[in-house]
Structures are given as C-alpha cells and as structure tokens.
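Biologist: Could you take me through one part of this model with some care, namely the pairing of oppositely charged side chains, and then show me how the surroundings of those pairs are put together?

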Amino acid sequence: MSAHSEYKLAELERETRIGGAGICVAREIPRIDISDYAHRKEAIADALWEAATQVGFFQVFNHGIPEEDIDAAFATAGEFFDLSMAEKERHARRPDSNAGWEYRAQVRPSTGTPDNKESYQITLPDMAGLWPTATELPGFKERMCRFERQNWELGMKILSCFAIRLGFDADFFTHNHDPASPYYQSTLRLIHYMSMEAATDADFDLWRAGAHSDFDCLTLLHQRPGQGGLQVCPGMEADAPAWTDVPPLRGAVTCNIGDMLMRWSDDRLRSTLHRVRMPRRDEYLGPRLSLPFFCQANRDAVIQGPLKKYAPITASDYLNERIRANYTPRA
C-alpha cells in the first residue's frame with residue numbers, strides 16, 4: 001500500500017470513530033480583528049498562526065465583506081431553496097463533481113447516514129448548465145459570483161499569512177488558488193438544513209451534519225444569528241471527543257483549517273473536527289441556512305509541505321478521493 005493510501009485510510013478511519021454524542025464543554029474560540037490588513041499583517045499573522053496551530057478554528061472580524069452583501073447572499077440562497085424539487089433537480093450535481101445541487105446525498109464516514117440537508121455548490125469552471133436561468137432566479141448568478149469573489153479575496157489574505165509562517169512566498173497559496181485557471185476548484189456552497197418543526201422524536205437523534213473535518217485548505221463560514229448548531233472539537237480529539245458550540249455572531253466569519261492545508265503544512269496547522277447538531281425542542285426549530293466558502297487549491301497544484309513529510313499529490317487527486325468517500329452514488 002502506498003504512503004498516500006495509508007494517509008487517506010487513516011483520515012477516513014479517524015472519522016468513523018467520532019459519530020457518537022460525546023460530551024460538550026465550554027471553550028473560547030479565538031476572535032481575530034483583521035482590520036487595516038496591509039499595515040497590521042504581521043500582527044494578524046501572529047494571531048492567525050497561534051489560533052490555527054493551537055485550535056484550528058477561529059472567527060475573524062472587520063473582514064471587509066459588507067454585511068449587506070452577506071445578507072443579500074443569504075436572501076438569494078433562500079430563493080434558490082424555495083424552488084420546487086423538480087426545478088432544483090435540473091441543476092443536480094454531476095457524479096464525481098463539486099458543482100450543482102444535491103439533496104441528502106452526503107454520507108459522513110462518522111455516521112453512515114445522510115446529512116439532513118440540501119446544498120448547491122458553485123465551482124466556477126464546472127457550472128455550465130447548472131446556473132438557474134434569469135427567468136427562474138433573476139440576478140442569481142451575478143450576486144453569487146460577486147459573493148464568491150469576496151470570499152476568495154478574504155481567504156487569500158488569511159492564507160497569505162500562513163504562507164509566510166510556513167516559509168513560502170506571501171502569494172504562494174494565491175497562485176495555487178488562481179480563479180483565472182481552468183483548474184480552479186474553490187467552491188462556494190449554499191446549504192439548507194431542513195426545518196425540524198414537524199419532526200418526530202426519533203428525528204432528533206440524528207445529525208444535521210455528521211462529524212467531519214473539511215477536505216480543503218481553509219473554510220470561511222457565514223452563519224445567521226439565531227440559527228446555531230455548529231460544534232467544534234479542537235485538537236482532533238477523535239478518541240474522546242469533547243464538543244464546543246460556536247454561536248453565530250453578526251460581523252464574524254468563522255474559519256477552520258482543512259485537511260489539505262494540514263498536509264501542506266506537514267501537520268503544523270490543525271484540521272479540526274466539527275458537526276452541526278440537531279436543535280433541542282426548546283430552541284429555534286426552523287430551517288437553517290449557512291454559506292461556507294472552501295479554499296481548495298487548483299486541480300493541478302502539487303501538495304507537499306516544506307518539510308516533505310508526505311509524498312506529493314495533486315489537489316485534484318486529493319479532493320476527488322474525499323468526495324467519493326463522502327457521497328452516495330447517484331442513480
């Protein structure tokens with residue numbers, strides 16, 4: 001068995017051990033002000049590095065994406081999910097791709113059951129035939145492309161700080177996430193977790209999203225105040241997971257390191273387990289929307305850390321393996 005195959009199987013085997021309820025503990029999630037980025041980059045890099053190496057999850061404020069644009073993106077996502085099932089099916093995700101709509105298709109190794117959600121992935125080079133038409137949703141494509149670009153810009157600021165600390169050029173990750181390339185595969189995802197207002201007691205024993213770590217380099221997550229449920233397990237405590245709630249805060253973008261960057265950093269930066277729990281009966285039971293942006297290196301990027309701890313692998317091969325492990329085959 002190759003070293004890469006052993007690495008991949010170790011990741012998936014780790015996820016199979018984390019599907020239980022575990023315990024919940026209070027922890028402080030680092031909050032980092034990234035205002036005046038050009039003049040404060042050194043201090044911001046220090047704060048990001050400490051958070052990413054110690055916890056792997058953090059929230060950034062004064063991030064540069066206007067709140068009105070975030071609100072507009074949520075409203076636009078809601079309009080998409082309000083389409084009929086037949087209309088959304090016309091934009092269905094293609095097998096082995098990371099673009100288009102899916103409904104309860106993602107099966108986590110940690111649970112073996114589908115996540116209780118639907119989602120629509122926007123991976124720009126792969127969107128031919130998947131955009132809603134101007135008749136279906138006027139302005140949808142334009143608003144989502146603008147929001148995708150804003151998140152890419154924020155992600156590259158954060159990744160530039162990590163590049164410097166790892167000994168790469170400041171623009172190293174920016175070059176490897178080039179949106180002008182046909183191999184670009186960063187993804188904006190619109191997620192709709194189903195309402196629990198008419199759920200049975202048995203439904204509350206499941207997960208909105210089972211425990212997992214992300215496949216990418218860096219995830220930027222937008223949440224709505226009042227629509228909580230995200231829990232994190234800093235330190236990859238797979239054998240005895242202890243979970244911490246991350247309440248959604250207006251003005252915050254919640255960030256986490258993904259497996260791709262953990263490998264690229266020779267495990268110095270920490271990919272972090274997280275999940276979305278079901279609400280309790282005494283909490284908000286309506287639908288939950290979230291908007292993550294996944295900074296995923298271009299398909300032709302070669303992932304190998306400065307210490308060469310792991311064998312090189314292209315980002316395409318790496319991501320495709322993880323997608324196949326987390327999705328049921330479509331008919």
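Modeller: Arginine 90 counts as exposed in this predicted model, because its relative accessibility is 53%. Its side chain meets that of glutamate 136 in a salt bridge, with 3.0 Å from N to O, and the two residues belong to distant parts of the chain, 46 residues apart. Arginine 90 sits in the loop between helix H4 (85-89) and strand S4 (100-103), whereas glutamate 136 sits in the loop between strand S5 (117-122) and H5. The partners also differ in their surroundings, since glutamate 136 has a relative accessible area of 17% and is therefore buried, while arginine 90 is exposed.

This pair is one of 13 salt bridges that the structure holds. Another joins arginine 224 to aspartate 71, with 2.7 Å between the closest N and O atoms. Here the sequence separation is 153 residues, arginine 224 lying in the loop between strand S8 (218-223) and strand S9 (230-233) and aspartate 71 lying in helix H3. Arginine 224 is buried, because its relative accessibility is 16% and the limit for burial is under 20%, whereas aspartate 71, with a relative accessible area of 28%, is partly exposed. Both residues belong to a network in which salt bridges with shared partners join Glu67, Asp71, Arg224 and Arg250.

A further salt bridge is formed by the side chains of lysine 309 and aspartate 267, at 2.7 Å from N to O. Lysine 309 lies in the loop between strand S14 (302-303) and strand S15 (313-314), and aspartate 267 in the loop between helix H7 (259-264) and strand S12 (273-277), so this pair ties together parts that are 42 residues apart in sequence. Both partners are partly exposed, lysine 309 with a relative accessibility of 49% and aspartate 267 with a relative accessible area of 25%.

Helix H3, which holds aspartate 71, leads on to the packing of helices. The axes of H3 (residues 67-81) and H5 (residues 140-166) come within 10 Å and cross at roughly 135°, and the two helices are therefore oblique to each other. In this arrangement H3 passes H5 in a left-handed crossing. On the H3 side the contact is made by Asp69, Ile70, Ala73, Thr76, Glu79 and Phe80, and on the H5 side by Phe140, Arg143, Met144, Arg146, Phe147 and Gln150. By character, the residues of this contact divide into six nonpolar, two polar and four charged.

Beyond H5 in sequence comes helix H6 (residues 172-175), where phenylalanine 172 has its place. This phenylalanine 172 is partly exposed, because its relative accessibility is 22%. Neighbours within four places in sequence aside, phenylalanine 172 is in contact with Ala163 and Trp264. The C-alpha atoms of phenylalanine 172 and serine 160 are 7.2 Å apart, with their positions 12 residues apart along the chain.

For the setting as a whole, the protein chain has eight helices and 15 strands, and buried residues make up 57% of its 331 residues. Among contacts with a separation of 6 or more, 79% are between residues 24 or more positions apart.

Terms used:
Residues numbered from 1 in each chain as written. Predicted model: local features only at pLDDT ≥ 70, side-chain atom pairs only at ≥ 80, totals over all residues. Heavy atoms only, no water. Axes fitted to C-alpha atoms, helices over the stretch in contact; angles between N-to-C directions. Helix = DSSP H or I, 4+ residues; strand = E, 2+ residues; numbered from the N terminus. Parallel < 35°, antiparallel > 145°, perpendicular 65-115°, else oblique. Left-handed = near helix turned anticlockwise from the far one by under 90°. Contact = heavy atoms within 4.5 Å. Nonpolar A, V, L, I, M, F, W, Y, C, P; charged D, E, K, R; others polar. Salt bridge = Lys/Arg side-chain N within 4 Å of Asp/Glu carboxyl O. Buried < 20%, exposed > 50% of the residue type's maximum accessible area, 1.4 Å probe, protein only.
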